[in-house]
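Reader: I am new to this structure. Please pick one part and walk me through it closely.

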Amino acid sequence: MALTSKDQVAEYVAKQRRRQELLHYLVTFASMIVFTVLAFIAVALRKDINDYLIAFFIVTMAVVQVAFQLYYFMHMKEKDHGFPALFIYGGALVVFVTVLAFVTMIWI
Amino acid sequence: MTTHAQSLAVSSQRKGFLHWLWTWITTVDHKKIAILYLFGGGLFFLIGGIEALLIRIQLAVPNNHFLVGSEYNQVMTMHGTTMIFLAAMPLIFAMMNAVIPLQIGARDVAFPFVNALGFWLFFLGGIVLNTSWFFGGAPAGGWTAYTPLATEYLGSGMDFYILGLQLSGAGTLMGAINFLVTIINMRAPGMTFMRMPLFCWTSLVTSALILFAFPPLTVGLFFEFFDHIFHANFFNTANGGNGIIWEHIFWIFGHPEVYILVLPAFGIISEVVATFSKKRLFGYSSMVFATVLIGFLSFMVWVHHMFTVGLGPVANAVFAIATMTIAVPTGIKIFNWLFTMWGGQIHFTTANLFAIGFIPTFVMGGVTGVMLAVPPADAQYHDSYFVVAHFHYVILGGVVFGLLAGVFYWWPKMFGRMLNETLGKITFWFFFLGFHLTFFPQHFLGLMGMPRRYFTYLPGEHFELGNMLSSIGAFGMAVGVIVLLINIVVTTAKGKRAKGDAWGIGRTLEWSIASPAPEYNFAQTPLVKGIDAFWKEKMAGNKKMTPAEPLGDVHMPSPTVIPFLMSLSLTLASFGFIFAANQAGKPHTGGLITAAIGIGLMLLLMLIHSIKDDHGFHIHKEEIMRIEKEAE
């Protein structure tokens, strides 16, 4: 198909973008399923692997999954999401500092 | 014939009253909601004030039998709870609702429906809390409701505390979300963040603090709720729970809460001092920085309320240092206000008197705050009247002085009439001197060893003089408040009408439109060219703001009764849970069914609200032109 007019170019670009986006969705969705399966496998292999290592592994994958969820499925990677990002990271920081205080120096 | 006419007149009058009531119940206009908040908060302020007077009567002389034991505890608990949650918070929301959309050049708030819902939840939550007086006694565990005292030993009063605060807390959270979105999304063209009036900045930070601080309160109250009504064991040590967790949760909320209260007051002071010094606010960007920094630090200091719990030297030291660092941004603010006044043309209006009175008073509260932040010293001050004096200096001397400054400053913009300045100055002097007479001696009572929350003391303990002075001062403040009420009644009846620029030296956008503001706020959205946008236009010789758009129809949200009904259904649910609570065994079924009905109604109303299409209405161009002409 020859791209002659501006409209056709725009339509072509939009179509490619949609395909790209769909691919992103599918890849993230598949990788999230893989991560979940890995988490279950890690727990199943509890006898052979150190418990802390398993916990660290699962939490790391949980963080990655949350990031996928926010950035790909909830559109935080797109433009004009600065304030949601600011508030999410601000809230996460506050919670992190609070939890850090509890696990490092406070007797509950 | 005459009887017929009379009955007609009566019925039309009654219809008139109902119609009037209906407009207030269904309103989603932020200016009307501001007035609702002002009167709701004002009502609870008076109730809390009467409770304070009762406390001071009991403590005026040693060995008094006016209010003893549990009765004293109830009055003291309700005084604290009412003043923090039901007076200070809504009065701050009154100021925010009245002013923020006008200051950022917006026609409305982002979520008018949520805004109305927030008000009704707060108000009915307050009513739920106060009905406890008539159903077996008010909560008596202090405003902090420490467990296991509050969950296991105090009976039904605490149910009212838990559910009343849950309701009004939900309202506060909604109000905060509304203002966050309003300030971020609805600023007029040219109103960049660094051109916003400082009150908008402090309200923005306060709203963010509410967003992060109220969820812990909600969770903590739910824990107490399950412990108290369904006999869960979150705080029951005998069954493996832990009472200290409540203290942590409460103060993770509670410390940001005090900054939530005081930051908007800082904003009001910044506006009032700058306007009445006829100068730009000194160090605007450092003020913004200080505000954000205070907001950030407020989440890292909660343990300073718990130094005597025994959390260990490392925790105490870290949190002590974190607490002391807050003095730095606060100091920046104090100096900025002083430098704003320096060389300015100071007008000693009542609003400015409160603002100027605020500065030394708040500094004194801040100094005792730094003293309390030193853990070894805190071991001495803890739970004594020194602490009582400290937090009244910062909350009454800070927040309430700020709010009164704001009330006097923005009253003409809210109601279209000036408050009387002579009566206002009488209010100020009674309130200011009464305040210091009440709370200054309490520092010394605390240092001499008088514990807080005790209902009496014995003769010969050297507490007589301080307590008597304190009680006299409390009545001085009461006189000030009564004069303020007289002022309001008199000026509403026949006060001087306010011009748009009521003080003649207004700097920010709210003074560029008529007083009171028309329903649509701005006929044309203004174009903002700098900080203190209206002052800039006046200096350029313009009487009005440069418009950023042609005159057109204005879209408005329709009034709706659903927020009120939603709040009523949650109130029903609250009462259901309160009467379901049974100290001895299983919760009563009747109460649970009532609660289920309330929650069901709430869900139904949410469904109705989502299904019903409401496109609002338009105020037409001709109508706007007519209103604008009349205002001139």
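Author: Here is a look at one pocket, with a short word on the chain contact afterwards.

This is a predicted model, where local features need pLDDT of at least 70, side-chain atom pairs count only at pLDDT 80 or more, and totals for chains, interfaces and linings use all residues. Residues are numbered from 1 along each chain as its sequence is written, chains are lettered from A and ligands numbered from 1 in the order written, and side-chain values use heavy atoms, without hydrogens or water.

Take the second largest pocket (an open set of points on a 1 Å grid over the protein atoms alone, where a 1.4 Å probe fits, with protein on both sides within 12 Å along at least five of seven lines). Its volume (the space filled by probe spheres set on the points) is about 950 Å³. It has 35 lining residues, each with an atom within 4 Å of a point. Closest to the centre are B:S512, B:I513, B:A514, B:K544 and B:E628. Two elements of chain B each give two or more residues to the lining: α17 (533-539) and α20 (621-631). These helices are DSSP runs (H or I, at least four residues). The largest share, seven residues, belongs to α20(B). By class, the lining holds 17 nonpolar, nine polar and nine charged residues. Here Ala, Val, Leu, Ile, Met, Phe, Trp, Tyr, Cys and Pro are nonpolar; Asp, Glu, Lys and Arg are charged; the others, Gly among them, are polar.

Now the chains. Chain A brings 14 residues to the contact (heavy atoms within 4.5 Å), and chain B brings 23.
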